[in-house]
Amino acid sequence: MEDKMNQERIEPIRHMLLEMAVGNFSYRIQRSNADDEVESLILLLNMVAEELKSSFSHLSYVNPHNSYSSYVQASFVLDSNWMVNKISCDVSLLLGYSPKTICGAAFEIILSEESAISWNNIKGKLANNSSSSENLELVFVSQNQLLIPAFCTVCRFMDSTKILISLVTTVVKSTIIDDATFVTPVTARKDSAYRLSDVQLIQQVYDYILIHIDSPLPNLKALSHIFGTNEYKLKYGFKHLFKTSIYQFYNAERLKKAHLLIENTGIPLKEIASMSGFVNYPNFSKAFRKSYGYAPNKIVRKQ
């Protein structure tokens with residue numbers, strides 16, 4: 001029995017080492033109350049991962065093709081009973097669970113013990129004030145029993161009992177399964193385009209777009225002026241980090257928001273178009289149809 005328990009504790013260590021081997025230092029292993037060599041190893045490994053993450057970030061080391069798949073934006077939609085109703089595609093990438101495993105289950109089953117307590121406090125606040133929203137850090141537990149901290153926004157949909165939980169974090173798209181061949185290792189940057197200050201600036205642009213998703217996007221010249229940089233660095237830096245253009249990202253995110261609002265609220269379509277940054281409904285309908293292959297009014301609405 002003891003050997004089996006130790007094996008279960010060692011398995012996350014193996015998975016975390018494989019992740020670290022391809023440059024992913026974001027994961028941590030959940031601590032237990034045990035006082036033995038395995039627990040000492042877990043503590044040491046968590047400390048090493050934290051130090052490596054800080055060191056690589058400071059030196060601006062990146063793997064432009066196989067390491068960070070940039071930033072993953074994952075979303076959960078919960079029903080009035082706090083059960084997971086829907087998830088975005090990136091949830092499976094981030095946590096490793098299939099949609100069938102998560103959908104229909106209580107949200108707290110994928111949280112660490114400490115975060116489950118924080119989540120219960122948030123549930124109480126939302127229950128007492130349906131218009132409130134909360135920003136907090138939650139620690140998720142992956143299928144491989146690794147911890148993934150992420151800052152989350154929790155709020156209710158307008159005119160609905162459904163709850164939206166959204167987060168943005170970094171992951172590595174690792175191709176390692178067990179002891180398979182490693183992907184290309186992390187490499188040092190070759191030019192000033194990948195300095196830490198540049199990466200932080202591009203992240204600020206990313207955040208700015210998400211915050212102002214309900215407004216028309218400034219052109220590249222105006223956007224570069226807002227952040228005190230040049231158009232070339234902004235355009236190609238964003239493309240390098242997020243594997244998409246600024247406008248494509250903005251357009252995809254506002255259409256995602258619109259789709260969620262249409263599906264889960266009773267807000268009129270013209271109002272949703274305006275809330276999603278479109279100047280008029282025809283432009284919104286055309287962009288929506290192009291992205292999803294069907295018109296906004298074809299969605300079956302749930303209220």
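**Exercise 1. Work out which strand β4 pairs with, in which direction, and how the turn between the two is built.**

Solution. Start with the bridges: eight of them join β4 to strand β5 (residues 146–156), and the two run antiparallel. Keep in mind that you're looking at a predicted model.

Next, pick out a facing pair: Val141 sits opposite Leu147 in β5.

Now the turn. The hairpin of β4 and β5 has four residues between the strands, and Gln145 there takes a positive phi near 65°.

Last, check the surroundings of β4, residues 134–141. Six of its eight residues are buried, so the strand is largely enclosed by the rest of the structure.

**Exercise 2. Find the salt bridges, and say for each one which parts of the chain it links and how covered its partners are.**

Solution. Your target count is three salt bridges. The cut-off to apply is a Lys or Arg side-chain nitrogen within 4 Å of an Asp or Glu carboxyl oxygen.

Step one: Glu263 pairs with Lys86, with the closest N and O atoms 2.3 Å apart. Glu263 belongs to helix α9 (residues 246–264) and Lys86 to strand β3 (residues 84–87), so this pair ties together parts 177 residues apart in sequence. As for cover, Glu263 is buried at 15% relative accessible area, while Lys86 is partly exposed at 22%.

Step two: Lys123 and Glu108 form a salt bridge whose closest N and O atoms are 3.9 Å apart. Here Lys123 is in helix α5 (residues 113–128) and Glu108 in the loop between α4 (99–102) and α5, 15 residues apart. Lys123 counts as buried at 17% relative accessibility; Glu108, at 24%, counts as partly exposed.

Step three: Lys256 and Glu253 meet at 3.3 Å, N to O. They're three residues apart in helix α9, so about one helical turn separates them. Lys256 is partly exposed at 40%, and Glu253 is buried at 10%.

**Exercise 3. Locate a nonpolar patch on the surface, then zoom out to the whole protein.**

Solution. Look at Leu41, Leu44 and Val48: they make a nonpolar surface patch of about 250 Å². Leu41 is placed in helix α2 (residues 37–59) and counts as partly exposed, at 43% relative accessibility.

Zooming out, the protein exposes about 16,700 Å², with carbon and sulfur atoms supplying 54% of that. Of its 303 residues, 44% count as buried. The fold has eleven helices and six strands. Finally, take the contacts between residues at least 6 apart in sequence: 61% of them join residues at least 24 apart.

Methods:
Residues numbered from 1 in each chain as written. Predicted model: local features only at pLDDT ≥ 70, side-chain atom pairs only at ≥ 80, totals over all residues. Heavy atoms only, no water. Buried < 20%, exposed > 50% of the residue type's maximum accessible area, 1.4 Å probe, protein only. Pairing = 2+ DSSP bridges. Contact = heavy atoms within 4.5 Å. Areas by Shrake-Rupley, 256 points an atom, 1.4 Å probe, with all protein chains shown as cover. Patch = residues over 30% accessible without salt bridge, like charges linked within 9 Å, V, L, I, M, F, W, Y side chains within 5 Å.
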